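Me: I'd like to work through this structure step by step. Please keep the answers short and show the reasoning.

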Amino acid sequence: MDRRNLLKLLPLSGVTSMLNFSNLFAAGDCLTSSDILGPYYKPNAPYINDLSGQDTGSKLYISGTVFASDCISPLPNVTLEVWQADGQAQYHDNGFRAKIMTDKDGQYAFKTVLPGKYLNGSYYRPRHVHYKVSVEGIEYLTTQIYFQGDPSITQDPWASDPGAQQRIISLHVDQQGSYHGLADITIQKEGPLGLDLESANQTQFQVYPNPVVGDELNITFGQGGQGKLVLTDINAKVIFNKEVSFNAKQNQTINLADSNGIRYAKGLYILYFISSNEKNPCVKRFTIA
Ligand SMILES: [Fe+2]
């Protein structure tokens, strides 16, 4: 397929899609879904960031961040094994497969070519890249990513599964004709706060206004109780951590400024309430505008 047809195949959104952040405001649903291993996995791939070798196909650059199960904490030192068919839809024992470690910010990136489509029975599998995700030798996820606009997705039982929707990423093309995609991944591993938003209770308190345009955030708890209130930024950096007690339906006001009175920076924040007698935290996200 020539480049012009490829361009027709892959809509140019110009906006990168994010596996994780598409669900950012629906906590409890941020884990990246799994997919089949497929027959072409081989262990012991080399630690490299360029899978493309001598392949002259369309260059593809994939990057992303691996997040913990709290949906927001980047995880460093995660091993991603990625493998795919080459541009002519061939798998290789010693090519188009790599191990990549996430950096201190949980980020990873690799260069490859747009994978070709291979026949699976009577239909072609959509273009895809396989992932196996592990930390210190413990496997957390086996999955695949697909690309928006690929007409083979609807024929493929795995790519067309509703659970795969979050893994169909958009690509955009730069001026050199290279493709770029963003594939964030969230795995069922605790982050530094030891919280698990997948099982968090989302309903026990309300915050408003959201977004915050002033410097005060109001919190109303549905039931009385006591525990810890923890505020973090989007990188899971703790802004404050304090003991609180409250009555049902009582409004509390938090001043969104540091001890010098300087308002917290604009951005997305996460407020946790960790009750003294419950394992799972309550979580709310809000934006300081
Ligand atoms: Fe495959």
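Me: Which residues have the most contacts inside the largest nonpolar core?
Reply: This is a predicted model. Its largest nonpolar core has 49 residues. The core draws at least three residues from each of domain 1 (3–186) and domain 2 (200–288). Those with the most contacts inside the core are Val 66, Leu 80, Val 82 and Val 133.

Me: Why might nonpolar side chains be found together in a core?
Reply: There is a general tendency to draw on here. In soluble globular proteins, nonpolar side chains tend to be buried together.

Me: Leaving aside neighbours within four places in sequence, which residues is Val 66 in contact with?
Reply: Start with Val 66 as one of the residues with the most contacts inside the core. Then leave aside its neighbours within four places in sequence. The residues in contact with Val 66 are Pro 74, Leu 75, Val 78, Thr 102, Gly 106, Tyr 108, Val 133, Ile 185 and Ile 187.

Me: In what order do the five strands of the open sheet with mixed pairing stand?
Reply: Look at the edges of this sheet. β3 (97–101) and β9 each have a single partner strand, so one side of each is left without a neighbour in the sheet. The order is β3-β2-β7-β8-β9.

Me: Which residue is the bridge partner of Glu 81 in β7?
Reply: Strand β2 (residues 79–83) pairs with β7 in the antiparallel sense, over five bridges. Glu 81 has its bridge partner in β7. That partner is Lys 132.

Me: Which residue in β8 stands opposite Val 133?
Reply: Strand β7 (residues 129–135) and β8 run antiparallel, joined by seven bridges. Val 133 is also among the residues with the most contacts inside the largest nonpolar core. Opposite Val 133 in β8 stands Leu 141.

Me: Which residue in the turn between β7 and β8 has a positive phi?
Reply: β7 and β8 form a hairpin, with two residues between them. One residue in that turn has a positive phi of about 50°. It is Glu 136.

Me: How many of the 10 residues of strand β8 are buried?
Reply: Strand β8 covers residues 138–147 and is mostly covered. Across the chain, buried residues make up 34% of the 289 residues. In β8, the number buried is seven.

Me: Which residue in β9 is the bridge partner of Tyr 146?
Reply: β8 and strand β9 (residues 168–169) pair in the parallel sense. Two bridges link them. The partner of Tyr 146 is Ile 168.

Me: Is Phe 96 buried or exposed?
Reply: Phe 96 lies in the loop between β2 and β3. Its phi is near 60°, a positive value in a residue other than glycine. There are 24 other C-beta atoms within 10 Å, and the cut-off is 20 or more. Therefore Phe 96 is buried.

Me: Is Asn 77 buried or exposed?
Reply: Asn 77 sits in the loop between β1 (59–67) and β2. Its phi is also positive, near 60°. Asn 77 has 12 C-beta neighbours inside 10 Å, and the limit is 12 or fewer. So Asn 77 counts as exposed.

Me: Which strands stand at the edges of the sheet with the order β16-β15-β18-β19?
Reply: This is an open sheet of four strands with antiparallel pairing. The twist averages 20° from one strand to the next. An edge strand here has a single partner, so one side is left without a neighbour in the sheet. The edge strands are β16 (238–246) and β19 (282–288).

Me: Which residue in β19 stands opposite Ile 270?
Reply: Strand β18 (residues 267–275) and β19 run antiparallel. Seven bridges join them. Opposite Ile 270 stands Arg 285.

Me: Which residue does a cis peptide bond join to Tyr 208?
Reply: The bond has an omega of about -5°. The residue in question lies in the loop between β13 (205–208) and β14 (216–221). In that loop, Pro 211 is also found, and a cis peptide bond joins Asn 210 and Pro 211. The residue joined to Tyr 208 is Pro 209.

Note on methods: Residues numbered from 1 in each chain as written. Predicted model: local features only at pLDDT ≥ 70, side-chain atom pairs only at ≥ 80, totals over all residues. Pairing = 2+ DSSP bridges. Axes fitted to C-alpha atoms, helices over the stretch in contact; angles between N-to-C directions. Core = buried A, V, L, I, M, F, W, Y, C linked by C-beta atoms within 7 Å. Domains from an automatic or database assignment. Contact = placed C-beta atoms within 7 Å.
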